[in-house]
Amino acid sequence: MFSRSAWVVLFPFFLFFTLIATAQTIGSGTSAESLIDADHWKRARTMVEARLKAEPNDAHGAFLMSLIKSTFGDQPAAIALAQKAVTAEEHNAEFHAQLAQMCAYMAEKPPMTKQYGYIRQMKRELAATYAIDPNQNDALLVEMMFAWKAPFLAGGDKKKARNIADRLVSINPNWGYLAQARLAQDTQDDIAAERALVQGTQVLPQNYKMRSLLATFYCCVSKNKRYDLAEKWAREAIKLDPGRATAYVVLAHVYAAQERYPDLESTLLLADRNVPDDPAPYYAAGRELLEHGKDLHRAEIYLRKYASLEPEGREPTTAEARWSLGLVLEKEGRPSDAATELQSAIQIQPDFEVARKDLKRVRGM
């Protein structure tokens with residue numbers, strides 16, 4: 001089984017509300033939007049920061065920065081920026097949908113006294129979105145996930161969620177099939193999840209995301225791993241776009257799990273050349289080796305490299321990398337070094353309770 005941090009990199013659309021993080025419609029085709037669509041969040045951040053510095057009241061810039069802040073875990077800033085965009089342009093459906101998404105995300109966080117307020121605001125923003133565009137893709141995804149996850153008394157309705165996913169297939173096949181797969185996976189229905197993803201690859205033969213996520217399904221999500229198919233679909237994705245990281249992440253998992261170290265090293269070198277600012281394949285390889293207790297020295301090298309670089313948006317944090325490194329060092333019989341890394345993880349992320357428990361255990365050795 002993979003840890004929560006591994007899933008963030010591996011299958012983001014199988015997590016609550018990270019599904020919508022890159023579902024925003026790329027309307028104007030600007031460079032920042034294209035970078036966001038390709039999960040190059042750091043590059044987009046640099047561009048949008050410059051845009052907002054030149055024009056602080058740019059509503060679309062605030063919207064884009066809300067997306068970016070959310071992927072880097074700064075939800076308070078993301079919701080404030082989404083509100084700023086809506087206030088500046090009240091008749092923009094995309095902006096209302098982004099604010100609804102941020103409210104839905106915050107509604108999952110304690111305290112409960114604030115959760116209901118965010119739910120009410122989310123529903124208002126969804127209504128405002130549909131008044132402008134009844135088929136707004138991102139709003140439908142937010143509503144689907146809320147209906148799927150929320151208790152019945154708060155508006156939860158799994159049948160409604162499935163109906164929205166089916167509707168999305170006709171509106172936007174890309175996200176419709178991913179939505180169907182998301183709901184199927186949540187009920188551990190691997191057959192339905194695979195079927196939705198395979199249908200997506202057939203309907204969208206030039207779609208990188210569909211291929212890379214089908215590869216991820218075979219590699220790291222399905223109960224019955226199919227490394228041969230994971231490798232096949234990852235390579236198909238790389239053919240479509242060698243400048244994105246997800247497919248390299250899949251190959252890193254496959255080759256590490258199979259101890260195919262020459263293939264692993266060549267894949268990491270290729271990823272370094274084509275996506276130099278995204279170290280996710282190193283984290284993937286390190287975690288895979290840690291999970292299987294294989295070549296821990298190699299795992300240490302990979303995780304140290306990942307921890308030395310700024311993570312891309314929607315990927316494991318530096319704190320998670322330090323925590324993983326601590327676990328590797330513990331397995332290597334180096335409790336003092338392990339404690340140092342775990343302490344570092346806690347300093348970076350004070351609420352990292354799993355790391356605190358592991359630190360307590362390591363110090364008791």
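Tutor: Accessible areas here come from the Shrake-Rupley method with a 1.4 Å probe. The model is predicted.

Student: What area does the protein expose, and what share do carbon and sulfur atoms supply?

Tutor: The protein exposes about 15700 Å². Carbon and sulfur atoms supply 54% of that area.

Student: Why is Leu327 called buried?

Tutor: Buried means under 20% relative accessible area. Leu327 has 14%, so Leu327 is buried. Its place is in helix H18, residues 318-331.

Student: What makes Arg287 a contact of Leu327?

Tutor: Contact means heavy atoms within 4.5 Å. Leaving aside neighbours within four places in sequence, Leu327 is in contact with Arg287, Leu290, Asp358 and Arg361.

Student: How far is Leu327 from Trp148, in sequence and in space?

Tutor: The two are 179 residues apart in sequence. C-alpha to C-alpha, Leu327 and Trp148 are 35 Å apart.

Student: How do you know what radius of gyration a compact globule with 365 residues would have?

Tutor: The rule is 2.2 Å times the number of residues to the power 0.38. For 365 residues, that puts a compact globule near 21 Å. The protein has 20 Å, which agrees. Its C-alpha trace spans about 60 × 45 × 45 Å along the principal axes.

Student: What makes a set of residues a nonpolar core?

Tutor: Its members are buried residues such as Ala, Leu and Met, joined through side-chain atoms within 4.5 Å. The largest core has 84 residues, and Met144 and Leu264 have the most contacts inside it. Apart from that core lies another, of 36 residues, among them Ala32, Leu81, Ala85 and Met102.

Note on methods
Residues are numbered from 1 along each chain as its sequence is written. This is a predicted model: local features need pLDDT of at least 70, side-chain atom pairs count only at pLDDT 80 or more; totals for chains, interfaces and linings use all residues. Side-chain values use heavy atoms; hydrogens and water are left out. Buried means under 20% relative accessible area, exposed over 50%, partly exposed in between (1.4 Å probe, protein chains only). Helices (H or I, at least four residues) and strands (E, at least two) are DSSP runs, numbered from the N terminus.
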